[in-house]
Amino acid sequence: MAGAGTYPYHHQQWPPSTAPQPPVHSPAPPAPGAPPPAPPPSLSHHPPFLADNPNNRQLSNDEIRTIFIAGLPEDVKERELQNLLRWFPGYEASQVTVKGEHPMGFALFSTPHYAVSARDTLQDLVFDVDAKSVLHTEMAKKNLFFKRGIVADTNSYDQSKRLRTGGDYTNSGYSSPSPFHAPPPPVWGSHGYMNQAPQPYDPYSGYPMAAVPMPAPTPIPAPSSYVPVQNTKDNPPCNTLFIGNLGENINEEELRGLFSAQPGFKQMKVLRQERHTVCFIEFEDVNSATNVHRNLQGAVIPSSGPVGMRIQYSKNPFGRRKDGS
DNA sequence: AGCACA
């Protein structure tokens, strides 16, 4: 049961003494006998800020680091959920999806461990006393996709009803020198409140600084999202990729911006045919091609519409005809 | 599913 004793364990700072009460109906203040802190996260193979391309692999259960939240009141605001969840260790992003009259929440954490502990803490939490809404939480079936401030549900093409939340995160870990000479405050809770984008929790980078506009270190064009694609009948790996499933309005320069930033890129050719536009990309070696084949599978870019591109190995490598020579 | 360039 969730009660006073199961509040997030960084409760020493809750609520920050200088701050007003939070707008969400918060649970009672932590009891003195709150559970001990969870162990530090094990080294995760998830890069903390990079959401995985869902096409990369099958998710096994122990890789789920997203929780599903039911029982939200109908008038829940994305921001409400965010302001509650942002205090949880490992919180990265959340989203409210309204299907019918029942809003569903999803929250992504940096590790499965953090997701589990958030799930347990939120279980049966009274979210709104008046609306009598009590949360029910489970591990999600799949991870919330989250990259560079974009939250997208990977199993849905319909984004119309989706509210999005995600700070303007950058993809790079950062460790700025501390402006304080006193011992650094705990990672969570003491640095600002309410008017600041949530910071991704990175146990290895000290603690987040107050939100200062940070230029993206490397403005590599990134797909806005990934969508699962079926890639049957691929060809043997080679140094040239065939890109299909490009929409009609595909913009060659946008494509080029994406692919030319990939390691090992050599050249690209767009082929406009009556029915479909396709594209060939040559890389230095098979390895570079393979990485792109995996990493950008299903990538969605603005000019491609809502569908993801399908990446296959080319039947014929660049510079070699099918009929020999 | 649509695979060119030489």
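## Close-up views of chain A

**Figure 1. Chain A as a whole.** In chain A, 70% of the contacts with a separation of 6 or more are between residues 24 or more positions apart. Please keep in mind while looking around that this is a predicted model. The chain has 325 residues, and 44% of them are buried. Its secondary structure consists of four helices and 14 strands. The accessible surface of chain A is about 17000 Å², and carbon and sulfur atoms contribute 55% of that area.

**Figure 2. An open sheet of four strands.** Here we meet a sheet whose strands follow the order 2-3-1-6, with antiparallel pairing. Which strands sit at the edges? They are strand 2, covering residues 91-99, and strand 6, covering residues 136-139, and each of them pairs on one side only. From one strand to the next, the twist averages 20°. As a reminder for newcomers, strands of a sheet are paired through backbone hydrogen bonds, in either a parallel or an antiparallel way.

**Figure 3. Strand 2 beside strand 3.** This view moves in on one pair from the sheet. Strand 3 spans residues 102-109, and eight bridges join it to strand 2 in the antiparallel sense. To find your place along the pair, look for threonine 97: methionine 104 of strand 3 stands opposite this residue.

**Figure 4. Helix 1 lying across the strands.** Helix 1 is made of residues 78-85 and lies across strand 1 (66-70), strand 2 and strand 3. Relative to strand 2, the helix runs at about 150°. How many of the eight residues in helix 1 are buried? Six are, and the helix is mostly covered. The buried residues are Glu78, Leu81, Gln82, Asn83, Leu84 and Leu85. Their cover includes strand 1, strand 2 and strand 3, and helix 2 (112-122) and strand 4 (126-128) are also among the elements that cover them.

**Figure 5. A nonpolar patch on the surface.** Our last stop is a group of three valines. Val126, Val129 and Val134 make a nonpolar surface patch of about 230 Å². Valine 134 belongs to strand 5, which consists of residues 133-134. Why does valine 134 count as partly exposed? Its relative accessibility is 39%, and partly exposed residues are those between the 20% limit for buried and the 50% limit for exposed.

Methods. Residues are numbered from 1 along each chain as its sequence is written. Chains are lettered from A and ligands numbered from 1 in the order in which they are written. This is a predicted model: local features need pLDDT of at least 70, side-chain atom pairs count only at pLDDT 80 or more; totals for chains, interfaces and linings use all residues. Side-chain values use heavy atoms; hydrogens and water are left out. Two strands pair if DSSP finds at least two bridges between them. Helices (H or I, at least four residues) and strands (E, at least two) are DSSP runs, numbered from the N terminus. Axes are lines fitted to C-alpha atoms, for helices over the stretch in contact, and angles run from 0 to 180 degrees between N-to-C directions. Contact means heavy atoms within 4.5 Å. Patches are made of residues with over 30% relative accessible area and no salt bridge: like charges are joined within 9 Å, nonpolar side chains (Val, Leu, Ile, Met, Phe, Trp, Tyr) within 5 Å. Accessible areas come from the Shrake-Rupley method with a 1.4 Å probe; for residues, only the protein chains shown count as cover. A salt bridge is a side-chain nitrogen of Lys or Arg within 4 Å of a carboxyl oxygen of Asp or Glu. Buried means under 20% relative accessible area, exposed over 50%, partly exposed in between (1.4 Å probe, protein chains only).
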